[in-house]
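Biologist: I have a model open in front of me and would like a close look at one part of it. Could you take me through that part slowly, then show me where it sits in the rest?

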Number of protein chains: 2
Amino acid sequence: MGDLEIQPATADDVPAIVALLADDPLGAQRESPDDLTPYLTALERLRSDPHQHLVAAVREGRVVGTLQLTIIPGLSRRGATRSVIEGVRIHADERGGGLGSRLMEWAIDTSRREGCHLVQLTSDNTRTDAHRFYERLGFTASHVGFKMAL
Amino acid sequence: MGDLEIQPATADDVPAIVALLADDPLGAQRESPDDLTPYLTALERLRSDPHQHLVAAVREGRVVGTLQLTIIPGLSRRGATRSVIEGVRIHADERGGGLGSRLMEWAIDTSRREGCHLVQLTSDNTRTDAHRFYERLGFTASHVGFKMAL
């Protein structure tokens, strides 16, 4: 396989990223790949916030993965800054090939460089394969993740 | 009891907020209330980021509760902005008196006002009383929360 680049997502990457978000048992129900307008608006919000890193993993000109990293300062843990990883998606053709680990390593390295003392994420209770993947990377399933739709 | 005000935390509130963070089975091991320097530095980081809302709940001039709300734009869920709640702490004298609900309602109302479609938080697996509290407020324990110290 060709070289992999992990780079900030641009408007040109949005159709491919939305396709990745929708190609997922949970995402299929909540994404609308036929109308990219809300996604392009959201990209502008992300790009105007220096604490947001939405990246595209690109191989041979094709977006094959994505994740979003957010840097969050805080008072707890002696004023520790933490990072939160959201929206990890790997193209079906690349699953099991190490791209997920590459993307997560990028997120962990970037978190360290930004001075974070902790990196965290939540994963739907039904994604048991993903849970094993995160534990292999060194994450601990120490918390319950609560959500409420508004 | 006197009136309650929920207001942005200032440097004057930091000693009381750190005392709340430390007066906790988990926080006792990871906070250093005798050295406020890292907390004051972190407060500056929080105040320079318009997506961060660290608040103090004040009654009769005394800080009796705190939480941090972070607004996170994103591409998933049709470009939905979400919020994350961290560091919810209630003074021992006020527990069971409704202050936790008041603070959480403030966070949920603020999230709505900022255009969030989702509000989320993680809670340590050992905080079973807190889990019941969040479920009573309408949160669903749909996710596993993973953390890794860096």
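Biologist: Which strand do the bridges join to β1(B), how many bridges are there, and do the two run parallel or antiparallel?

Modeller: Sure, but keep in mind that this is a predicted model. The partner of β1(B) is β2 of chain B, residues 52–59. The two strands run antiparallel, and five bridges join them. To find one spot on that ladder, look for B:E5, which stands opposite B:V58 in β2(B).

Helix α5 of chain B, residues 99–113, packs on the sheet here. This helix touches β1, β2, β3, β4 and β5 of chain B, and also β6 (140–149) of chain A. Its direction makes about 30° with that of β3(B).

Now zoom out to the sheet. Twelve strands make it up, with mixed pairing, and the sheet is open. Start at β1(A) and you go through β2(A), β3(A), β4(A) and β5(A), then β6(B) and β6(A), then β5(B), β4(B), β3(B) and β2(B), ending at β1(B). That puts your strand at an edge: β1 (4–8) of chain B and β1 (4–8) of chain A each have a single partner strand, so one side of each has no neighbour in the sheet. From one strand to the next, the twist averages 30°.

Over in chain A, helix α1 (residues 14–22) lies across β2 (52–59), β3 (62–72) and β4 (81–90) of that chain. Helix α1 runs at about 85° to β3(A).

Back in chain B, there's a salt bridge to look at: the side chains of B:R95 and B:D23 meet at 3.8 Å, N to O. B:R95 is in the loop between β4 and α5, while B:D23 is in the loop between α1 and α2, so the pair ties together parts that are 72 residues apart in sequence. Over all chains, a search of the whole structure finds 16 salt bridges.

As for the two copies, chain A superposes on chain B by a rotation of 180° with 0.0 Å of shift along the axis, at an RMSD of 0.0 Å. The copies are thus related as by a two-fold rotation axis. They also meet through the same surface, because 100% of the interface residues of chain A are interface residues in chain B too.

How confident is the predictor? Chain A has a mean pLDDT of 95, with 99% of its residues at 70 or more. For the complex, the ipTM is 0.94 and the pTM is 0.95.

Key: Residues are numbered from 1 along each chain as its sequence is written. Chains are lettered from A and ligands numbered from 1 in the order in which they are written. This is a predicted model: local features need pLDDT of at least 70, side-chain atom pairs count only at pLDDT 80 or more; totals for chains, interfaces and linings use all residues. Side-chain values use heavy atoms; hydrogens and water are left out. Two strands pair if DSSP finds at least two bridges between them. Helices (H or I, at least four residues) and strands (E, at least two) are DSSP runs, numbered from the N terminus. Axes are lines fitted to C-alpha atoms, for helices over the stretch in contact, and angles run from 0 to 180 degrees between N-to-C directions. Contact means heavy atoms within 4.5 Å. Copies are superposed by least squares on the C-alpha atoms of residues with pLDDT of at least 70 in both. pLDDT is the predictor's confidence in each residue, from 0 to 100. A salt bridge is a side-chain nitrogen of Lys or Arg within 4 Å of a carboxyl oxygen of Asp or Glu.
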